[in-house]
Amino acid sequence: MVASRDAIVSHLRKDPLFASLSEADMHALATAMGYREFPKGSFLITRNDQSSVMYLLLSGRVKVSIASPEGKELALSYLDAPSYFGEMGALEGAPRTADVIAMTEVEVLSVEAKDLAYVFSIRPELAIALVGTMSRRLRELIARLEGMAFHDATHRVMRVLLNVATASYEARGVPVIEGLTHYEIATLAGTSRETASRVISNLCHDGIVATKGRKIVVDLFGLRDLVERDQ
């Protein structure tokens with residue numbers, strides 16, 4: 001779907017990072033952006049692709065993952081709107097390192113690498129946000145590597161639950177894991193669905209988490225204490 005400049009401006013107004021821009025700056029910014037919709041299951045980015053586009057996720061959820069030649073998948077993260085992805089390929093011009101797949105219907109704004117400097121000149125805060133995002137993702141990756149090297153599956157599942165619930169609390173004020181299946185939690189923890197389900201069931205029994213439909217409500221202090229004691 002091709003969007004007009006006015007439609008892109010309408011989307012920018014809804015994003016907290018751009019909402020305070022003047023109308024003139026928003027329209028100028030819209031000239032450097034594109035708008036697209038993707039159905040569930042679509043590949044927005046393919047590993048080893050040479051594209052150099054950065055995406056701003058307006059709505060929906062995407063999965064960032066890598067797959068082996070045998071078809072085994074390792075999920076690196078799940079991103080919910082508002083979020084950003086594809087920045088590494090846009091900034092360094094190297095082939096993509098992972099697939100990005102739409103887990104729901106999604107809407108995105110796209111920025112070509114050649115237009116990033118112009119976008120940053122209008123909204124320098126975006127560059128700062130990108131640095132912060134990349135730093136946070138690097139810390140999460142280091143923590144996952146540490147967990148896989150030094151901790152068992154139970155610890156890794158608890159760490160995933162703690163990280164996702166903490167992010168939810170920081171973004172929305174509620175420590176809730178919503179929309180992630182036990183299988184998806186297991187892939188983030190590098191273990192089986194059965195193991196993830198068993199750990200979640202045990203945490204429910206201990207009162208550390210509570211399940212409500214597809215939502216998992218987390219006692220952050222209790223879970224953090226468990227994770228730290230298991231270091």
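Me: How many of the residues in helix 7 (residues 182-189) are buried?
Reply: This is a predicted model, in which local features need a pLDDT (the predictor's confidence in each residue, from 0 to 100) of at least 70 and side-chain atom pairs count only at pLDDT 80 or more, while totals for chains, interfaces and linings use all residues. Residues are numbered from 1 along each chain as its sequence is written, and side-chain values use heavy atoms, with hydrogens and water left out. Helices (H or I, at least four residues) and strands (E, at least two) are DSSP runs, numbered from the N terminus; buried means under 20% relative accessible area, exposed over 50%, and partly exposed in between (1.4 Å probe, protein chains only). Helix 7 is mostly covered, the buried count being 6 of its 8 residues.

Me: Which residue just after helix 7 takes a positive phi?
Reply: Within helix 7, Glu184, Ile185, Ala186, Thr187, Leu188 and Ala189 are buried. Just after this helix, a positive phi of about 70° is taken by glycine 190.

Me: Which helix gives the most to the largest nonpolar core?
Reply: A nonpolar core is a set of buried Ala, Val, Leu, Ile, Met, Phe, Trp, Tyr and Cys residues joined through side-chain atoms within 4.5 Å. The largest has 26 residues, of which Leu161, Ile185, Leu203, Val218 and Leu223 touch the most other members. Strand 5 (73-80), helix 6 (153-172), helix 7, helix 8 (193-205), strand 11 (215-218) and helix 9 (220-229) each supply at least two residues. The element that gives the most, with 6 residues, is helix 6.

Me: With which residues is isoleucine 185 in contact, leaving aside its neighbours within four places in sequence?
Reply: Contact means heavy atoms within 4.5 Å. Ile185 is buried in helix 7 and is one of the core residues that touch the most other members. Apart from its neighbours within four places in sequence, its contacts are Val157, Val160, Leu161, Leu180, Ile200 and Ile216.

Me: At what angle do helix 6 and helix 9 pack?
Reply: Residues of helix 6, including Leu161, Leu162 and Tyr169, meet residues of helix 9, among them Leu220, Leu223 and Val227. Axes are lines fitted to C-alpha atoms, for helices over the stretch in contact, and angles run from 0 to 180 degrees between N-to-C directions. The axes are 10 Å apart, and the packing angle is about 145°.

Me: Is alanine 113 buried or exposed, or does it count as partly exposed?
Reply: Alanine 113 lies in the loop between strand 8 (106-112) and helix 4 (116-122). Leaving aside neighbours within four places in sequence, alanine 113 is in contact with Ser52 and Ala90. Because its relative accessibility is 24%, alanine 113 counts as partly exposed.

Me: What is the omega of the cis peptide bond that joins alanine 81 and proline 82?
Reply: Proline 82 is found in the loop between strand 5 and strand 6 (83-85). The cis bond joins this proline to alanine 81, with an omega of about -5°.

Me: What relative accessible area does asparagine 48 have?
Reply: Asparagine 48 is placed in the loop between strand 2 (43-45) and strand 3 (53-59). Although it is not a glycine, asparagine 48 has a positive phi of about 75°. This residue is exposed because its relative accessible area is 56%.

Me: In which helix is confidence highest?
Reply: The mean pLDDT of the protein is 84, and 97% of its residues reach 70 or more. Confidence is lowest in helix 5 (residues 124-150), at a mean of 75, and is highest, at 93, in helix 8.
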